[in-house]
Amino acid sequence: MAHLLSTSLSVKISSSNRPCGQPLNQVRTTLASSFTIKTSKSPFKRLVSKGDRTRKSCVVLATAAPVSKEVSANPRSGSDESRSDSSKPQRVMVIGGDGYCGWATALHLSNKGYEVAIVDSLVRRLFDHQLGLDSLTPISSIHNRLRCWKAITGKTIELYIGDICDFEFLSETFNSFEPDAVVHFGEQRSAPYSMIDRSRALFTQKNNVIGTLNVLFAIKEFREECHLVKLGTMGEYGTPNIDIEEGYITITHNGRTDTLPYPKQASSFYHLSKVHDSNNIAFTCKAWGIRATDLNQGVVYGVKTDETSMHEQLCNRLDYDGVFGTALNRFCVQAAVGHPLTVYGKGGQTRGYLDIRDTVQCVELAIANPAKPGEFRVFNQFTEQFSVNELAALVTKAGKKLGLDVQTISVPNPRVEAEEHYYNAKHTKLIELGLKPHLLSDSLLDSLLNFAIEFKDRVDTKQIMPSVSWKKIGVKPQTVPAN
Ligand SMILES: O=S([O-])[O-]
């Protein structure tokens, strides 16, 4: 692969691409350590020729010259023979395509024959640097990932590096790529991160809400037929003492009946940002005729997909820390290194879960079956419900089979949440569209545990315990985790 790595790259860094007021020179320094950057103000020359389409020239160029020639030869080719319906979207912009779900999704869609562009500010990698965290798995730079993908499959994924909160950048990106669908993963996605301190709470809500608003305005202004597939969260609903419906509930009140948005009871500044997004999207569907699907996703586990397993440079990230790590992934890594599984409080917290292979399948299904103009669809995107105690028991059992001595401890719950509660959430709409779930099985747990064992020398056990308390959030900037 070495020959693929030597091309020099030009990247536009948007001046607003800075979390928590970080000075631009710090961003440059961080990024410059991994690849060459040209930061001249003059318009960047695209290396990717766009054939017969005239496009603005000042967005990104992270694609290498030899790749671009092939792109220009067939700018709108969707190579998947199974997708013959020309009304289906062909060009998909994956915002946040360098992240955990975004990367797996971008590769999956590219493999399925969609023309894919990744839009990402790379701020997720910066969070790791700032908080002293790291993925269990070594991950390649986005540029090397894309070169590797091209080398293996012959498929090009375009790359636009910048911040969607910068509307000028987003407009250029939209006009350059001309998406038929936008999959929006580009949000700060950690509840604990949003509860670290005031500046992270503000960053989360500004980044998420304004980013989504900009996407809505970009669709209205430049691509009104474009279908927005937005990653929401099951956490928007909270844990009500009644069944959770998919987005809407029909209520009879004082003799009158209406179907209304399902009540939202978010439990962190992050979850609240998703509620605000849902409201903004619903409103613009009504007011402007935007077509949108809100995917209220459950907790994602797993790491491998068909595509990310093709080469080590395509490997996805796997977070096990107390800020970004998700429950089952964290437990598997804890079991692999002999750390007791950290159950928060009583462990009766129940949520919907899904395998990352189902995340990519669900997004594809949503794109292939778009919402109608003006429709705001909501799908609950998970396949099974588990309590934290149930997950701990499953990991203990699977660990035993591999000869691991797995213990569980209850740690004081850093969150404010019900630890024992009713939970029954509907999740039929994606199944109706054809989702074939990968349910949590012994073999998946085996493979996740073996994966964690393979990389266990990379584990920094200081990252494992929760370090962010919902109650202790304050205005003073916090440095975490400093256990
Ligand atoms: O890449 S993310 O979603 O942590």
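**Note on a predicted model: helix H3, the cysteines, His 427 and Ser 268**

1. Helix H3 is largely enclosed by the rest of the structure, because 11 of its 12 residues are buried. This reading, like those that follow, rests on a predicted model. The buried residues of H3 run from aromatic and aliphatic to polar side chains in name, and include Tyr 100, Trp 103, Leu 107, His 108 and Ser 110.

2. The geometry of H3, which covers residues 100–111, agrees with its length: at 1.5 Å a residue its 12 residues should span 16 Å, and the end C-alpha atoms are 17 Å apart. Just after this helix, Gly 113 adopts a positive phi of about 105°.

3. On the cysteines, the structure holds zero disulfides. For Cys 226, the closest cysteine sulfur is that of Cys 285, and the separation of 12 Å is too far for a bond, given that a disulfide is taken as a pair of cysteine sulfur atoms within 2.5 Å. Cys 226 is also buried, its relative accessible area being 1%.

4. Cys 332 can be read in a similar way, since its sulfur lies 15 Å from the closest cysteine sulfur, in Cys 315, and that distance is too far for a bond. Cys 332 counts as buried, with a relative accessibility of 1%.

5. Where does His 427 sit in the chain? His 427 is placed in the loop between strand S14 (408–411) and helix H13 (429–433), and with a relative accessible area of 24% it is partly exposed, the lower limit for that class being 20%. Although His 427 and Phe 379 are 48 residues apart in sequence, their C-alpha atoms are 7.2 Å apart in space.

6. The surroundings of His 427, once its neighbours within four places in sequence are left aside, consist of contacts with Glu 246, Asn 380, Phe 382 and Thr 383. As for Phe 382, its backbone oxygen lies 3.2 Å from a polar atom of the His 427 side chain.

7. Is Ser 268 buried or exposed? Ser 268 is buried, at a relative accessible area of 3%, and its place is in the loop between strand S7 (256–261) and helix H9 (269–288). The side chain of Ser 268 makes a polar contact, at 2.8 Å, with the side chain of His 271. Leaving aside neighbours within four places in sequence, Ser 268 is in contact with Ala 191, Ser 194, Met 195 and Trp 470.

Terms used:
Residues are numbered from 1 along each chain as its sequence is written. This is a predicted model: local features need pLDDT of at least 70, side-chain atom pairs count only at pLDDT 80 or more; totals for chains, interfaces and linings use all residues. Side-chain values use heavy atoms; hydrogens and water are left out. Buried means under 20% relative accessible area, exposed over 50%, partly exposed in between (1.4 Å probe, protein chains only). Helices (H or I, at least four residues) and strands (E, at least two) are DSSP runs, numbered from the N terminus. The expected span of a helix is 1.5 Å times one less than its number of residues. Contact means heavy atoms within 4.5 Å. A polar contact is a pair of N or O atoms within 3.5 Å; within protein, one must be able to donate a hydrogen and the other to accept it, and residues adjacent in sequence count only if both atoms are side-chain atoms.
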